[in-house]
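Please read the following report with the sequence and the model side by side, and look up each residue as it is named.

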Amino acid sequence: MIAALGVLALLASTADVRALASDGDVVWAGTTGGLVRVDGEGARVFTPREGLPDGTVRALLVQGDALWVGTDRGVVRCHSVPAFACDAPLARGHRVEALALHEGALLVGTTHGLLVQQADGALVQDPRGGRAASGVSFE
């Protein structure tokens, strides 16, 4: 089990925490200083040097053995086993604010609207003409 005080101390020293995700005994934190992985053995910070599109991480989503990471310059799928590695970034240049899975498709909320991942892996603008929103209303 991760010592809560150790996690708090590490995250406080990296930068503002923008997103959190948990995968078993691993806690991932998206910060303005990179992606932080904390587990029972310690912690590590990942930055663009390790394949992230940008150092500011705003959204995280665990999908099986992969971690989707949304940054100020796109989204990327990363794997931490056997070693940390990221696929080629998607939505380059888009500031990613939210990530979700719906009916098997990746949804990417950006400041330019909603992007939906097609079966071939490409991201396309919401076919319904989605626009960026400042909030959500449930009525």
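Glu103 lies in the loop between strand 9 and strand 10, the latter covering residues 105–110. In this predicted model, Glu103 has a positive phi of about 50°, although it is not a glycine. Most residues other than glycine have a negative phi, and most peptide bonds are trans. Ala91 also departs from that pattern, since its phi is near 55°, a positive value in a residue other than glycine. The place of Ala91 is in the loop between strand 8 and strand 9, where strand 9 is made of residues 96–102.

Are these two residues buried or exposed? Glu103 is exposed, because its relative accessible area of 74% lies over the cut-off of 50%. Ala91, by contrast, is buried, because its relative accessible area of 14% lies under the cut-off of 20%. The table sets out the values for both residues.

| Residue | Phi | Relative accessible area |
|---|---|---|
| Ala91 | near 55° | 14% |
| Glu103 | about 50° | 74% |

Another backbone feature concerns a peptide bond: the one from Val81 to Pro82 is cis, with omega near 0°. Pro82 itself is placed in the loop between strand 7, which spans residues 74–79, and strand 8, which spans residues 85–86.

These loops belong to a protein with one helix and twelve strands. Read from the N terminus on, the elements begin with the helix, and the strands follow.

How are strands arranged in the open sheet of four strands? Their order is 1-2-3-4, and the pairing is antiparallel. Strand 1 (17–23) and strand 4 (42–46) stand at the edges, and each has a single partner strand, so one side of each is left without a neighbour in the sheet. Neighbouring strands of this sheet are turned by 20° against each other on average, when direction is ignored. Strands of a sheet pair through backbone hydrogen bonds, either parallel or antiparallel. Between strand 1 and strand 2 (residues 26–31), which run antiparallel, there are six bridges. One bridge can be located by its residues, for Val17 has Thr31 in strand 2 as its bridge partner.

Turning to the protein as a whole, 36% of its 139 residues count as buried. Its accessible surface comes to about 8000 Å², and 52% of this surface belongs to carbon and sulfur atoms. Among the contacts with a separation of 6 or more, 29% are between residues 24 or more positions apart.

Key: Residues are numbered from 1 along each chain as its sequence is written. This is a predicted model: local features need pLDDT of at least 70, side-chain atom pairs count only at pLDDT 80 or more; totals for chains, interfaces and linings use all residues. Side-chain values use heavy atoms; hydrogens and water are left out. Two strands pair if DSSP finds at least two bridges between them. Helices (H or I, at least four residues) and strands (E, at least two) are DSSP runs, numbered from the N terminus. Axes are lines fitted to C-alpha atoms, for helices over the stretch in contact, and angles run from 0 to 180 degrees between N-to-C directions. Buried means under 20% relative accessible area, exposed over 50%, partly exposed in between (1.4 Å probe, protein chains only). Contact means heavy atoms within 4.5 Å. Accessible areas come from the Shrake-Rupley method with a 1.4 Å probe; for residues, only the protein chains shown count as cover.
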